[in-house]
Amino acid sequence: MNSTNNNAILNKEKTSYILDREISRRKQIEDCAKIAGLEWDIETGEFWWSQNLYKIVNLDIQTLPPSLNALIGLFRPSDQAKVQKHFETLSQQGGSFRFYTHTLSRQGQETPVLLMAKMDAQTHKMIGFVQDVATDFEERESLLETLAKYRGVMSGAGDAIILLSHEGNIIEGNPKAAELLEVLPDNLSQLSVDDIHDQQELDIMMGYYQGFLWGQDQSARSTIIGKKGKRTPVEISGRSIEIGSQQMLVVIMRDITAQQQAQNALIRSEQRYRSLVDEAREGIMLLTSDGNILAVNPKLCESTGLKRSVLLQSNFRDITDFDMEISPTEILMEANTRSSIHMEGNLQTADGRLLPTGFNVARYKDQGQVQFIVTAYDLTNVRSSEEDRLELQKQLFQAQKQELLGQVAGSLAHDFNNLLSPILLVSEMLMEDAQDDPFLHGNLRNIHQAAERARRLVHRILTYTRPEESEPTRIELRHEMEETLALLRSSIPQTIKIEEICDHESYYSFADPDQIHQVIMNTGMNAAQAIGEEKGVITFEMRKIYVDENSELISRFEIPEGDYVTLCISDTGPGIPQHILNEIFDPFFTTKTQTDGSGLGLSVVRQIVENHGGAVEAIPHGGCLYTSHSNEPTIGACICIYLPLLKE
């Protein structure tokens, strides 16, 4: 028992000895470094400082108990608010701070000190120290005397120049700096970089100042805030210098207000011109001397259907097409005497179309490099007007041809009728004598009917060139078709077969029978000529349809609602080429030689059908939608005729 107590006493004495020795060493270190320790328990508010603080501030130990407010009160009044702010920030955000200031004794004696503190995140306590830096301060005063020789240079400089300590405090500056910072020259030393920069730029500028200290040759642009709130744009550069044993930073701040105003004016001017270019109704592009595209406006992107990024990777020749092998930019490069040129060509679009376009190309030099400005304007309407003019000329020519045909037909009609008159007269007399011979009588009747139709055909030529009133009546279309096909069979090669597809229903229409006969004959002969000498089939299919308000026929042909008969004449020929599909109904248009056709057949068909309130269309390959063989691949061309029916 006694042995245990003795060991405890020995351990306690040993611990006390170690603790006393550590305290003694700490006091020796504090005395050597002129440091006083600090500790603040933020949760309890308990504050402690070491006794060495009383020596630094020249106070008796019993005079002032430790507290945060008491510590702040030890510093000179001009710095107390800054010290309090540092402590508040430390307690709220953590981290650390380092601040040079002066303590003020009751006798009015100032002592330069360094106050440093940091937050211990684990214990939630602040620890720090106050260090007497009077010796360093005296050395700094000596340095300032050394710097005095440079003040003449600094005072005469046109830019603001300040001398910064390693900690970012302003040591001295020239009158221009005092003017920029809106303080008296003697008060410059009371400022730091924290006071002259916007808080949002402070971290960025501290990086630049650190770079200056490391010897980086760079400059930065920032806004300096004066004491009275004036904001001045400046360009900042710096250079690290060493005076004595101290590393400092010489900072030059050049006022760039006038330069920035000029740049802003230039930007506004550029924006105005860019707005004019972007809103222009013509495409505008900037080219290099090789024709590579440097810039384009939105109108050019819209015209070509290409994105700006695609155009900027293209050459002028890639998006244009000219009749000449040389482009306007190449002409200007070779012709040094000309500075601009106008040329018409085409602009290629993203989908491969060629837009008629006029190009105005001007050459100029930018920093010694030849470039081109190209203005591209749409010529579609101009070309369209030219095409309309040519179309009118064509129509006038067709009208003149028709007028000439009428004159020729009128002169020939009398002679042709004289030839037909004896045929008609003799055939009628022979028909009376052949009443007892049905076979002979039938053949004579066919001759007589053919002659009558020949006379009416001459009459129709005159009617086409000099329109006259037709004589419509109530007719049955199926009967007219059958009668006409009987004559057609005898007029085409025997290698061509004629098929009829028609139900037993009767189709009554108000029409001229001779004109309907001519429609069937013309389309049938046209189909036979398409087949030629080969074997083939011509199909005549007649059906009844109803056209309602939703039918596409109304929108395509502007025909009224009601019952219609469709007569579709299809053949097994080669079909109609797509590029002439819209021309086959034009007067005098023909794909045959001058001796094989006149180009009036289908034109007469359309005129007759439209005069009867109907419509006609051509299908290049395959049957009409209303035929029973619309999907057969062997079908060549198909002519579909729509005629209105009488109401029952």
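**Exercise 1. Determine whether Met481 is buried or exposed in this predicted model.**

Solution.
Step 1. Locate the residue: Met481 belongs to helix 15, which covers residues 477–489.
Step 2. Read its accessibility. The relative accessible area of Met481 is 0%.
Step 3. Apply the cut-off: buried means under 20% relative accessible area. Met481 is therefore buried.
Step 4. Consider a residue distant in sequence. Ile520 stands 39 residues from Met481 along the chain, and the two C-alpha atoms are separated by 7.1 Å.

**Exercise 2. Describe the largest cavity: state how much space it holds and which residues line it.**

Solution.
Step 1. Count the cavities: the structure holds one of 30 Å³ or more.
Step 2. Give the volume. About 90 Å³ of space lies in the largest cavity.
Step 3. List the lining, which is formed by Leu477, Ile516, Val519, Ile520, Met542, Val565, Leu567, Val609, Ile641 and Leu643.
Step 4. Assign the lining to elements. Two or more residues each come from helix 16 (513–531), strand 21 (562–571) and strand 23 (638–644). Helix 16 gives the most, with three residues.
Step 5. Sort the lining by class: 10 residues are nonpolar, none is polar and none is charged.

**Exercise 3. Compare the end-to-end reach of helix 16 with the expected value, and examine both of its ends.**

Solution.
Step 1. Helix 16 has 19 residues, and the expected span at 1.5 Å a residue is 27 Å.
Step 2. From first to last C-alpha, helix 16 reaches 27 Å, close to that expectation.
Step 3. At the N-terminal end, Asp512 acts as a cap, with a side-chain oxygen 3.0 Å from the backbone nitrogen of Asp514.
Step 4. Just after the helix, Gly532 takes a positive phi of about 75 degrees.

**Exercise 4. Analyse helix 8 in the same manner, and state where it bends.**

Solution.
Step 1. Helix 8 comprises the 15 residues 199–213, so at 1.5 Å a residue it should span 21 Å. Its end C-alpha atoms are 21 Å apart, in agreement.
Step 2. Locate the bend: helix 8 bends by about 25 degrees at Met205.
Step 3. Identify buried positions. These are Leu202, Met205, Tyr209, Gly211, Phe212 and Leu213. The residue at the bend, Met205, is thus one of the buried residues.
Step 4. Inspect the ends. Asp198 caps the N-terminal end, a side-chain oxygen lying 3.0 Å from the backbone nitrogen of Gln200. Just after the helix, Gly215 has a positive phi of about 90 degrees.

**Exercise 5. Find which backbone atoms lie in polar contact with the side chain of Thr304.**

Solution.
Step 1. Thr304 is found in helix 10, residues 298–304.
Step 2. Thr304 counts as buried, because its relative accessibility is 1%.
Step 3. A polar atom of its side chain lies 2.9 Å from the backbone oxygen of Leu300.
Step 4. The backbone nitrogen of Leu306 is 3.3 Å from a polar atom of the Thr304 side chain.

**Exercise 6. Describe the backbone phi, place and accessibility of Glu182 and of Glu558.**

Solution.
Step 1. Recall the usual case: most residues other than glycine have a negative phi.
Step 2. Glu182 has a positive phi of about 60 degrees, and Glu558 has one of about 55 degrees.
Step 3. Glu182 is placed in the loop between helix 6 (175–181) and helix 7 (193–196). Glu558 is in the loop between helix 17 (552–557) and strand 21.
Step 4. With a relative accessible area of 23%, Glu182 is partly exposed, whereas Glu558, at 71%, is exposed.

Note on methods:
Residues numbered from 1 in each chain as written. Predicted model: local features only at pLDDT ≥ 70, side-chain atom pairs only at ≥ 80, totals over all residues. Heavy atoms only, no water. 1 Å grid on protein atoms, 1.4 Å probe; cavity = no way out; pocket = protein on both sides within 12 Å on 5 of 7 lines; lining within 4 Å. Points joined across faces, edges and corners; volume = space filled by probe spheres on them. Helix = DSSP H or I, 4+ residues; strand = E, 2+ residues; numbered from the N terminus. Nonpolar A, V, L, I, M, F, W, Y, C, P; charged D, E, K, R; others polar. Expected span 1.5 Å × (residues − 1). Bend = angle between axes of the 7 residues up to and from the residue. Buried < 20%, exposed > 50% of the residue type's maximum accessible area, 1.4 Å probe, protein only. Polar contact = N/O pair within 3.5 Å; in protein donor to acceptor, adjacent residues only side chain to side chain.
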